[in-house]
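Work through the exercises below with the sequence and model at hand. Each task is followed by a stepwise solution.

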Amino acid sequence: FAPLLLAPSARADDCAQAPSPMHPPAAQVLSGTASHYQPLVAFDLAPECMRMDLHFGGALRGELTAPIAIDSSGSTLPASRSLSPRFRLGARFDSGRAWLPIILHGEYEHDLPTGTLQTDRGFEGQGYPGANGLDHELRKAFVRVSLGHYAHLSAGWTTSHWGLGLVANDGAHGWQPGSGRMSDPRSGDRVLRAQLATGPHTNAGLFAAVNADLLDGDWLADDDVLLPGDRAMQVSFATIAGRGKLHGGGLYGVIRHQETPSGAATDVFAGDLYLHTGVVLGTLKLTLEAETVVVTGTTELAPSNDFPEHDVLQFGAALRGSVDAGKVATVFDVLYASGDQNLDDKAQNAFKADPNYDMGLLLFRQVIASQTARGAFTAGDPDLVGVPANDLDRIATRGSASNTFAFFPRLRVRPLTGLELYMGPLFALAAQPPIDPFNTRITGGSARNALGGIPSRYLGTELDAGVRYRMIIGGSEITAGLEGGTLRPGSAFQRLNGTRMDNVHGARFMLDAKL
């Protein structure tokens, strides 16, 4: 789903808005006078704030992950080493106040290339971490015409983000100073969109918008719900108040029709409520954000003789908060994603958060993603199951957090200008005991997990830690980071003999530059 890209209002009188200062400062200025990012190539075209800028960026991530047990036959996915590069090219034009009441805005943004380089890990299956290879992605190529704050009409390719990014996530809301997040997003939801919006209105900053979207890889528009060959159309509507203020929130609804290459259709409605609030007490700032999603409708995916069509009812909720004292802060994330307790009934209940909604380094991104990728193969191997079920490529979570209730508190420290350290434990339970389709089928329907054991709901405890350093060099922003973690699997990952899979360790380094 790709619900909303709200049109910004005209620029402030000073033509540019610097980010709020942080104490100690969030970035170390190594050269120049700029204290925050400024595009390397920028043109002031008129005294009334007409401006055009060109921006460039590059990111590189290297990742190491220990071996992971993936099926009941004792198979172990070997240790992985991957490299994820990204080069981004963009341009932006804004007419400012030059032609008031008409405001013209245009953006272009393209990733050339993006993706992951990784050697073949030797096991069949779909959706293994880092198996997507390299590609290019058009993120933005749109024009918006505004009549003051009364109406904004835009059309073209754009990214989409809403709330915490639980469902619609543009892949551009990663780690920021103070967030303490284990995040390094890639790709994102990209749509071919026509939008009519209005706002801001009243002191509350009320916006409203309606969108018509096309999602099709052939048209350079895609999101995490689509697989290769899928096509979707959707209409969404949204209102939001308090944008950029301490208190606010919004509601959106989206109606989506999606078809596979074989013609199987999915028709769903998603409703999403997002709220945020905060309190400032001297140098102490408390913030809280919440997002709740309900998805309902029908789907012809994974049909059976008994149920050619399934009812869809899924639920997700996320909470993010912080108590920030400047140098030291506590931050936390809570996530609930509904699971499916029966793969053979009429209902599909498993909610999958967007892969760019981060929740730790290993459990969801590596372990469950690898086991469900293997499950997509074993459930369809004709030598094992006779006649395979349909749409098995939908089994893999592809790094999304699903079927879980997870709590992730962290401590964040900024001892020096530009330097942040953060760490904390991730505690995770399953909303429903995790079920592997092949292992459950060969036992006559008795629930079994990916390793052949009787599943329980304790997924495990993961301890993660990270460090980031941000510097400003002549207005360019460079951020370097290192993160690592270890997962102690819970009883949800026990084998048939009662033993649990081995601990999983992993680490990654990151380098990001905005020029």
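**Exercise 1. Find the residue in β14 that stands opposite Phe237, then place the pair among its strands.**

Step 1. Phe237 faces Gly253 of β14 across the pairing. This is a predicted model, with local features requiring pLDDT of at least 70, side-chain atom pairs counted only at pLDDT 80 or more, and totals for chains, interfaces and linings using all residues. Residues are numbered from 1 along each chain as its sequence is written, and side-chain values use heavy atoms, without hydrogens and water.

Step 2. Eleven bridges link β13 and β14, in the antiparallel sense. Strands are DSSP runs (E, at least two residues), numbered from the N terminus; a pair needs at least two DSSP bridges.

Step 3. Six residues separate the two strands in a hairpin. Gly242 in the turn has a positive phi of about 75°.

Step 4. Turn to β12 (residues 206–216): ten bridges pair this strand with β13, again antiparallel. Here Val210 has Phe237 as its bridge partner.

**Exercise 2. Sort the side chains of β13 (residues 231–241) by face.**

Step 1. In a regular strand, side chains alternate between the two faces of the sheet.

Step 2. Ala232, Gln234, Ser236, Ala238 and Ile240 point to one face and are buried (under 20% relative accessible area, 1.4 Å probe, protein chains only). Arg231, Met233, Val235, Phe237, Thr239 and Ala241 point to the other face and are not buried.

**Exercise 3. Which side chains make polar contacts with that of Arg256?**

Step 1. Locate Arg256 in β14 (residues 248–259). Arg256 is buried, at 3% relative accessible area.

Step 2. Its side chain meets that of Asp223 in a polar contact of 2.8 Å. A second partner is the side chain of Gln234, at 3.2 Å. A polar contact is an N or O pair within 3.5 Å; within protein, one atom must be able to donate a hydrogen and the other to accept it, and residues adjacent in sequence count only if both atoms are side-chain atoms.

Conventions. Helices (H or I, at least four residues) and strands (E, at least two) are DSSP runs, numbered from the N terminus. Buried means under 20% relative accessible area, exposed over 50%, partly exposed in between (1.4 Å probe, protein chains only).
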